[in-house]
There are 2 protein chains.
Amino acid sequence: MKSIRVSITSSPYNVIIGQGTLAQAGKQIISVLGRRPAKCCVITAQPIWKHWGKVLEASLKNAGLNAFVLKIPDGERHKNLHEVEKLLVGMAKHGADRTSIVIALGGGVVCDMAGFAASIYMRGIPVVQLPSTLLAQVDAAIGGKTGVDLKPGKNLAGSFHQPHLVIEDTETLRTLPQREYRAGLFEVIKCGIIRDPRLFQVLEDERKAILARKQDPVQHIIEASVKVKADVVSADEREGDLRRVLNFGHTIGHAIEAATGYKQLLHGEAVAWGMIAAIQISCRMKTLNNELATLMTDQIKSYGPLPAIRVRREHIISFLASDKKNVAGVPHFILLAGVCSTVVRNDVPMSLIREVIDSLLTHSKISNK
Amino acid sequence: MKSIRVSITSSPYNVIIGQGTLAQAGKQIISVLGRRPAKCCVITAQPIWKHWGKVLEASLKNAGLNAFVLKIPDGERHKNLHEVEKLLVGMAKHGADRTSIVIALGGGVVCDMAGFAASIYMRGIPVVQLPSTLLAQVDAAIGGKTGVDLKPGKNLAGSFHQPHLVIEDTETLRTLPQREYRAGLFEVIKCGIIRDPRLFQVLEDERKAILARKQDPVQHIIEASVKVKADVVSADEREGDLRRVLNFGHTIGHAIEAATGYKQLLHGEAVAWGMIAAIQISCRMKTLNNELATLMTDQIKSYGPLPAIRVRREHIISFLASDKKNVAGVPHFILLAGVCSTVVRNDVPMSLIREVIDSLLTHSKISNK
């Protein structure tokens with residue numbers, strides 16, 4: 001078991017990572033809050049609840065905690081305000097008050113929606129994140145970003161709401177479908193590329209063991225990724241723009257997700273395509289040399305297969321316009337300037353963006369023939 | 001023109017009060033932000049826009065600001081998440097980004113919803129409040145509380161999001177229906193009762209001039225009320241519980257509003273009934289003497305008439321259970337302990353609450369025969 005501190009000045013918290021940590025959730029929650037919350041609102045989704053609900057329920061019960069469960073439908077397409085409203089109404093009907101807490105057990109969608117619901121219920125109650133997918137463990141559950149999608153774009157409604165505690169049980173990854181597991185690995189690869197050359201190397205060296213979900217390398221890459229995210233998020237308050245580095249691959253990634261109606265690709269897969277695009281753009285903008293670009297692109301592909309993107313180029317372009325990272329309508333790209341070095345650029349010509357998306361679409365069709 | 005500082009440590013701001021201040025909104029916004037926002041999203045409602053839209057539009061245009069207008073339907077029953085979603089989608093469609101701002105022109109519903117939309121759009125953009133009703137000027141626009149109602153209760157979804165600036169134009173009160181103006185006066189009376197004996201006295205002495213909306217006493221009571229709210233809100237970060245004093249009259253007031261479906265009474269009118277109830281409870285709990293109780297109750301009634309409450313007692317009681325001020329299901333009451341002295345009590349017997357609500361219902365029927 002490892003504990004990593006997220007040192008946000010206003011509200012620091014720990015991320016606990018290890019085998020079987022879910023069974024200790026109840027005890028840990030009381031220890032962090034310093035009290036028994038009046039009610040624990042567990043927000044989860046059926047597929048994960050089926051596997052791990054009993055473990056969590058027992059843990060809360062053993063700690064003497066009073067809990068009720070609200071389930072949200074699985075999948076990014078349900079990450080909307082309507083479902084959040086159902087959660088809030090459910091919380092009110094179960095008598096949750098300002099001394100209650102939200103406990104999120106699930107993947108990125110559950111973490112984002114439960115965190116958002118907690119942040120606006122009675123103007124904010126605490127949330128404890130229990131991410132159960134690799135993607136959520138290395139990304140969604142840490143950093144306090146919460147939110148839902150709107151028709152015009154992803155995560156357009158949301159809040160910053162830091163969790164009081166994050167508990168990551170590597171055991172829960174056992175029940176994860178292989179495609180979802182791979183999708184999470186792309187965010188791990190992102191962490192290696194943007195900030196941790198050792199992680200990048202481990203991903204090269206231990207590919208087989210990682211894909212086979214061996215405990216030791218899996219624990220290692222999760223810890224390393226969480227550290228990258230924790231460092232960036234902790235420093236963000238001081239450095240302002242630093243946090244944007246985490247959006248590497250997300251500018252085009254988000255546009256692809258939105259353009260395909262959040263149906264064809266998992267978030268991590270869209271980010272993988274987005275990273276391949278950002279690496280290409282970095283080469284063409286002469287911030288990155290071809291050798292490094294090939295090395296990185298090859299690593300991404302080696303953790304594939306990546307599903308095809310079946311949509312018109314201009315549809316993707318149209319969603320770039322409503323990206324949150326835009327300033328005054330101009331897309332901002334996080335480009336690479338070498339190993340673990342990034343640069344934010346707002347001067348990528350539209351013609352180059354079009355060319356790179358064309359190349360992605362062609363490439364994605366060929367590799368999925 | 002008067003400027004009152006709300007000294008919240010994290011984000012202090014000014015409340016500008018005076019005749020014709022709306023015409024200076026554009027200039028003031030640029031001065032406070034220190035820049036021209038990419039886009040100004042004006043959120044308003046048709047009745048106020050009809051009267052004051054041109055003044056605001058001219059002011060923004062003269063300052064070189066790029067604005068678009070989104071209207072929300074008038075009335076508390078539209079203060080819901082669905083309408084907020086429409087605002088957020090509208091903002092995205094108009095290309096609002098993180099450097100854009102929201103400008104709220106309207107009453108309490110507009111202030112609450114626009115503030116909430118600003119707080120969650122792209123995880124938060126600035127809001128400037130231009131409250132146009134008396135109620136909004138002395139209450140809703142100041143303090144950063146935003147939110148919408150859920151079926152189970154009022155303001156159950158929301159956030160704290162301090163405005164960057166509040167501009168109050170006493171001119172806009174001219175176009176306010178008399179019933180709405182009176183409803184706002186009840187929140188002014190609340191400020192006098194809880195914190196400002198001089199304001200209480202002015203409300204006694206200048207009743208006629210105030211009801212006739214004479215500029216001088218109106219400017220005076222708004223300034224005094226804003227000072228009360230600004231003081232409490234500024235001190236809240238240090239004193240924790242102090243802010244609850246502002247909820248005087250709101251425990252039963254909110255329950256009455258919810259039980260009557262937000263249709264029979266304006267917010268200020270419900271608060272007036274709630275204050276009368278809280279004063280009665282204070283007497284019965286022996287925290288307040290009968291003489292003061294009569295003096296205060298008489299002042300509230302003298303600014304009436306108050307419309308009847310047409311609903312069953314138990315329906316009101318059922319909504320007390322989901323009040324945000326509850327802790328572990330127990331209603332918390334802000335009671336009076338003398339002139340400008342309050343006490344929070346969670347030991348008011350249900351039998352007494354029932355008795356007092358019965359008395360309110362009887363009283364409200366008699367006075368509306």
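These exercises work through helix packing, burial and backbone geometry in a predicted model.

Local features need pLDDT of at least 70 and side-chain atom pairs count only at pLDDT 80 or more, while totals for chains, interfaces and linings use all residues. Residues are numbered from 1 along each chain as its sequence is written, chains are lettered from A and ligands numbered from 1 in the order in which they are written, and side-chain values use heavy atoms, without hydrogens and water.

**Exercise 1. Describe how α10(A) packs on α11(A).**

Step 1. Locate the helices. α10 covers residues 250–259 of chain A, and α11 covers residues 267–284 of chain A. Helices are DSSP runs of H or I with at least four residues, strands are runs of E with at least two, and both are numbered from the N terminus.

Step 2. Take the angle and distance. The angle is about 135°, and the axes lie 7 Å apart. Axes are lines fitted to C-alpha atoms, for helices over the stretch in contact, and angles run from 0 to 180 degrees between N-to-C directions.

Step 3. Classify. The two helices are therefore oblique to each other (under 35 degrees is roughly parallel, over 145 roughly antiparallel, 65 to 115 roughly perpendicular, the rest oblique).

Step 4. List the contacts (heavy atoms within 4.5 Å). On α10(A), the residues include A:H250, A:I252 and A:E257; α11(A) contributes, among them, A:W273, A:A277 and A:I281. By class, the contact of α10(A) with α11(A) has seven nonpolar, five polar and one charged residues. Ala, Val, Leu, Ile, Met, Phe, Trp, Tyr, Cys and Pro count as nonpolar, Asp, Glu, Lys and Arg as charged, and the others, Gly among them, as polar.

**Exercise 2. Check the span and burial of α4(B), residues 108–120.**

Step 1. Compare spans. α4(B) has 13 residues and reaches 18 Å from its first C-alpha to its last, close to the expected 18 Å. The expected span is 1.5 Å times one less than the number of residues.

Step 2. Check burial. In α4(B), 13 of 13 residues are buried (under 20% relative accessible area; exposed is over 50%, partly exposed in between; 1.4 Å probe, protein chains only).

Step 3. Look just past α4(B). B:M122 takes a positive phi of about 50°.

**Exercise 3. Which of A:Y262 and A:C340 is buried, and which partly exposed?**

Step 1. Place A:Y262. This residue lies in the loop between α10 and α11 of chain A. Its phi is positive, about 55°.

Step 2. Place A:C340. It sits in the loop between β10 (333–336) and β11 (342–345) of chain A, with a positive phi of about 55°.

Step 3. Apply the cut-offs. A:Y262, at 16% relative accessibility, counts as buried. A:C340, at 24%, counts as partly exposed.
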